[in-house]
Amino acid sequence: MTPSAMPIHIHFRAIAEDQPGEKWKALCDQAWPYYRAWFLRQGAVARASFLECRRALRQHMPELVPTWERLVELAGGGDIEARFLSLWNPPPYITGCSQAVWLDPGGQHEPMLLRNYDFAPALLEGSWLSTRWSGQRVVAMGDCLWGALDGMNESGLAASLSFGGRTVCGDGFGIPLVLRYVLEVAQDTASAVSILQRVPVHMCYSVTLLDAQGDWATVFLNPDRPVEVTRHRAITNFQHSVEWPAHAQATSACERLAALQAQLGTGAPASAAVGAMLREPLFQPAWLRGYGTLYTAAYAPQSGRMELHWPGQSWPQAVKAFEEGCREIVYANTPPSHPHG
């Protein structure tokens with residue numbers, strides 16, 4: 001078997017820890033060398049200073065400051081650790097991802113937020129964290145040690161992110177920390193939108209929100225354009241139109257969006273929509289090229305249920321009954337033969 005044909009093994013870990021402690025520290029100790037190398041790849045002087053980072057957090061996300069200070073302490077208390085954990089003006093990063101709001105046309109079943117996370121397997125943190133850092137419980141897929149790729153809180157707000165298709169950078173936070181902030185302090189889609197309208201982001205992203213009352217929105221975020229609140233039920237890796245054709249072509253962004261919109265228009269049950277997320281073109285087997293589908297997540301805010309899916313298996317959880325555990329997922333370098341979770 002050639003190296004390029006070797007299967008890729010990734011561990012997903014469900015971790016429950018109400019306040020930052022030994023479990024988070026163990027996660028940090030394992031991942032920090034890799035995050036440090038990424039953060040400093042352009043040199044320390046290319047990153048914002050400690051004072052700039054602290055000022056940005058205090059100004060824009062003051063509720064997170066006590067948790068940030070505790071995490072910095074657990075990480076060793078160093079200057080680089082503090083600057084990294086602020087996620088203020090971090091290095092750029094680009095992902096894939098598809099996300100959608102599924103609605104039952106008959107109104108008999110609760111709405112769901114569905115998403116595929118497409119990225120390089122070696123760069124996936126794989127931590128599914130259940131925490132109570134700011135008062136309410138949050139269950140989220142982790143990134144950058146305390147950021148969130150997608151998740152849901154006990155108020156019944158679910159949120160996910162995707163890259164918005166432009167390379168422009170500006171002054172702002174990395175989107176995983178902004179999504180974490182939304183889940184920590186917002187109770188519904190309206191309050192989440194208010195946060196997204198005032199917190200600056202450093203790159204172009206789309207955030208989809210769904211709350212327990214069934215209210216939903218997709219918010220277009222850019223460092224150089226006004227925040228735009230839309231009613232897009234399906235989104236991939238561009239906002240109104242493709243502005244980076246090479247990326248859209250490489251990630252099949254247009255094909256994925258068309259497939260997602262077609263699936264939502266069938267009126268089929270949520271299970272069918274999840275099945276479609278686990279099939280091409282929505283399921284991307286391009287792991288070696290850095291944008292393969294690493295998991296499918298389904299969030300049901302009214303009941304507080306969530307589930308991770310992979311071809312052939314799934315992992316259900318609930319906000320109020322989160323169980324620790326570990327799953328090893330193997331990604332082959334060919335499309336899956338049984339695309340059903």
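These legends go with several close-up views of a predicted model.

**View 1. Two tyrosines, Y117 and Y295, form a stacked pair.** Going by ring centres, this model has 19 aromatic pairs. Here is one to look at: the ring centres of Y117 and Y295 are 5.6 Å apart, and their planes meet at 25°. Planes under 30 degrees apart count as stacked, so this pair gets that label. Follow the chain and you'll find Y117 in strand β3 (residues 112-119) and Y295 in strand β12 (residues 292-300). That puts the two partners 178 residues apart, so the pair links distant parts of the chain. Both Y117 and Y295 are buried.

**View 2. F163 and Y205 meet edge-to-face.** This time the ring centres lie 6.2 Å apart and the planes are at 75°. Anything over 60 degrees counts as edge-to-face, which is why F163 and Y205 are described that way. F163 belongs to strand β7 (residues 158-163), while Y205 is in strand β8 (residues 205-210). Because of where they sit, the pair ties together parts that are 42 residues apart in sequence. F163 is buried, and Y205 is buried too.

**View 3. F163 and Y205 also belong to an aromatic cluster.** Joining them in this one cluster are W32, Y35, W38, F39, F84, Y93 and W244. While you're looking at F39, check out R47: its charged end sits over the F39 ring, 6.0 Å from the centre. Another arginine, R231, lies over the face of W216, at 3.8 Å from the ring centre.

**View 4. Helix α1 meets helix α4 at roughly 90°.** To describe two packed helices, you give the angle between their axes and the distance between the axes. For α1 (residues 22-39) and α4 (residues 79-86), the axes come within 11 Å. With that crossing angle, α1 counts as roughly perpendicular to α4. Which residues of α1 and α4 make the contact? On the α1 side they are W24, W32, Y35, R36, W38 and F39, and on the α4 side I80, E81, R83, F84 and L85.

**View 5. L85 is one of the best-connected residues in the largest nonpolar core.** This core has 63 residues, and W24, L85 and L145 have the most contacts inside it. Helix α1 supplies the largest share, eight residues. Leaving out residues up to four places away in sequence, L85 touches W24, W68, L71, V72, A75, C144, L145, W146 and L177. There's also a second, separate core of 52 residues, including I8, A270, A273 and V274.

Notes. Residues numbered from 1 in each chain as written. Predicted model: local features only at pLDDT ≥ 70, side-chain atom pairs only at ≥ 80, totals over all residues. Heavy atoms only, no water. Phe/Tyr/Trp six-rings, centres within 6.5 Å; stacked < 30°, edge-to-face > 60°. Helix = DSSP H or I, 4+ residues; strand = E, 2+ residues; numbered from the N terminus. Buried < 20%, exposed > 50% of the residue type's maximum accessible area, 1.4 Å probe, protein only. Lys NZ or Arg CZ within 6 Å of the ring centre and 35° of its normal. Core = buried A, V, L, I, M, F, W, Y, C linked by side-chain atoms within 4.5 Å. Contact = heavy atoms within 4.5 Å. Axes fitted to C-alpha atoms, helices over the stretch in contact; angles between N-to-C directions. Parallel < 35°, antiparallel > 145°, perpendicular 65-115°, else oblique.
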